[in-house]
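Ready for a few warm-up exercises? Take a look at the model, try each task yourself, then check the worked solution.

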Amino acid sequence: MKKYFAIALSCLILSCSPSALRVKQSGKYSSSDYKTIDVRIIAGAEKINIFSSAKLDSKSFSTALTSKRSIDIKSSEVKSEMLFKSSDGIIGVNGVKYRGSLIIRKIANRIEVCNRISLEDYLKGVVSSEMSGNWHIEALKAQAVAARTYAVYFLNKKSNINYDLDCTTSFQVYKGYTSESKSGNTAVDKTSGLIMTYEGEPVLSFFHSTCGGWTSDNGNVWSGKNLPYLKRIKCEYCSDSPKYEWKEKISVNEIKSLLEKNGKQSGKIKSINLKRSSERVISVIIRHSSGEILLSGNEFRRLIGAERLRSLYFTTSVSGKNIVFDGKGWGHGVGMCQYGAKRLAENGKEYSFILKYYYSGVNVKKGY
């Protein structure tokens with residue numbers, strides 16, 4: 001059988017950084033700064049629907065809202081910033097309910113919506129979006145502290161934008177009141193105000209679904225120096241994850257097509273060389289008839305698709321005109337392994353033990 005690829009492995013340092021690491025430093029927040037934060041939940045909409053089961057209120061909306069429970073707003077109607085709230089404290093937009101109030105702005109002739117909310121109520125919409133509300137309470141408490149720390153880290157490094165955080169994986173997933181669970185909310189309340197610090201500063205508390213047996217130094221996933229609290233550690237607790245092991249087959253022609261779709265012209269692909277540090281692929285060199293293309297591991301994963309190439313912890317083999325990826329884990333592999341936290345909690349470990357297991361040398365204390 002003719003082989004179309006040569007797969008080589010070696011070591012290299014990765015040069016891809018997440019957008020999260022490019023936030024501008026602008027000074028620390030005091031406790032009063034956390035009374036409310038603005039979380040962007042919609043960007044670039046032409047029309048939105050605002051609704052509530054109680055009375056809507058807005059002093060900045062031109063139409064009277066007496067007895068109205070639902071209104072549509074077009075981008076052409078937004079002349080200046082508008083604030084909407086509900087008499088029961090729960091307000092919805094485009095089918096999703098949120099605590100707090102909604103801020104409506106026009107950005108480049110499109111509607112942007114922010115949810116103005118307290119930090120603790122925001123976390124209630126994060127914890128059960130990032131981790132199942134049916135999991136052990138100690139795992140949920142670990143998730144609550146990690147999520148709070150992550151938010152505080154970026155609030156301390158607020159960039160020059162008109163919102164504090166957004167609802168996507170650019171920060172952490174936030175699905176509002178609609179996603180809340182009783183156990184998730186209890187975890188937030190039981191850990192109220194607690195964050196992780198290293199040498200007195202909030203840590204960059206990355207977390208992910210499944211590490212596959214080893215977490216990763218942050219420097220092997222994104223550019224920049226290794227952070228002392230994000231060290232590679234062995235994790236023997238995530239084997240019950242449905243993504244602990246995975247397999248994906250991708251054809252030569254599809255890889256060529258994906259390269260071209262992403263503006264990287266190539267001739268006939270001759271080989272794909274992988275370079276790794278420890279378990280994870282950190283660089284990919286694709287040699288073709290017209291030259292070669294160098295991609296970071298993360299760039300290659302985005303090219304293929306994160307749902308297909310679930311992590312950078314994989315090996316490869318050739319099968320005809322296909323590459324077979326045999327992988328472990330789901331996500332970037334840095335910081336807390338959520339399925340590992342689940343098992344540790346089920347084994348009787350408290351949330352503070354779980355956090356200190358995955359984040360080296362941190363302290364857990366009131367942060368604001």
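A search of the whole structure, which is a predicted model, turns up 21 salt bridges. Let's work through some of them, then turn to a pair of helices.

**Exercise 1.** Work out which parts of the chain the salt bridge between Asp166 and Arg40 links, and whether each partner is buried or exposed.

*Solution.*
- Start with the distance: the closest N and O atoms of Asp166 and Arg40 are 4.0 Å apart.
- Next, place the partners: Asp166 sits in strand S10 and Arg40 in strand S1, 126 residues apart.
- Now accessibility. Buried means under 20%, so Asp166, at 6%, is buried.
- Arg40 has 23%, so it counts as partly exposed.
- Finally, look around: both belong to a salt-bridge network that also includes Asp38, Glu81, Arg105, Glu112 and Arg116.

**Exercise 2.** Find what the salt bridge between Arg308 and Glu254 ties together.

*Solution.*
- The closest N and O atoms of this pair are 2.6 Å apart.
- Arg308 lies in the loop between helix H5 and strand S18, while Glu254 is in helix H4, so the bridge ties together parts 54 residues apart in sequence.
- Arg308 is partly exposed at 23%, and Glu254 is partly exposed at 27%.

**Exercise 3.** Describe how helices H2 and H7 pack.

*Solution.*
- The angle is about 55 degrees, and the axes are 8 Å apart.
- That angle makes H2 oblique to H7.
- The crossing is right-handed.
- H2 brings Glu138, Ala139, Lys141, Ala142, Val145 and Ala146 to the contact, and H7 brings Tyr351, Ile354 and Leu355.
- Sort these residues and you get seven nonpolar, two charged and no polar.

Key
Residues numbered from 1 in each chain as written. Predicted model: local features only at pLDDT ≥ 70, side-chain atom pairs only at ≥ 80, totals over all residues. Heavy atoms only, no water. Axes fitted to C-alpha atoms, helices over the stretch in contact; angles between N-to-C directions. Helix = DSSP H or I, 4+ residues; strand = E, 2+ residues; numbered from the N terminus. Parallel < 35°, antiparallel > 145°, perpendicular 65-115°, else oblique. Left-handed = near helix turned anticlockwise from the far one by under 90°. Contact = heavy atoms within 4.5 Å. Nonpolar A, V, L, I, M, F, W, Y, C, P; charged D, E, K, R; others polar. Salt bridge = Lys/Arg side-chain N within 4 Å of Asp/Glu carboxyl O. Buried < 20%, exposed > 50% of the residue type's maximum accessible area, 1.4 Å probe, protein only.
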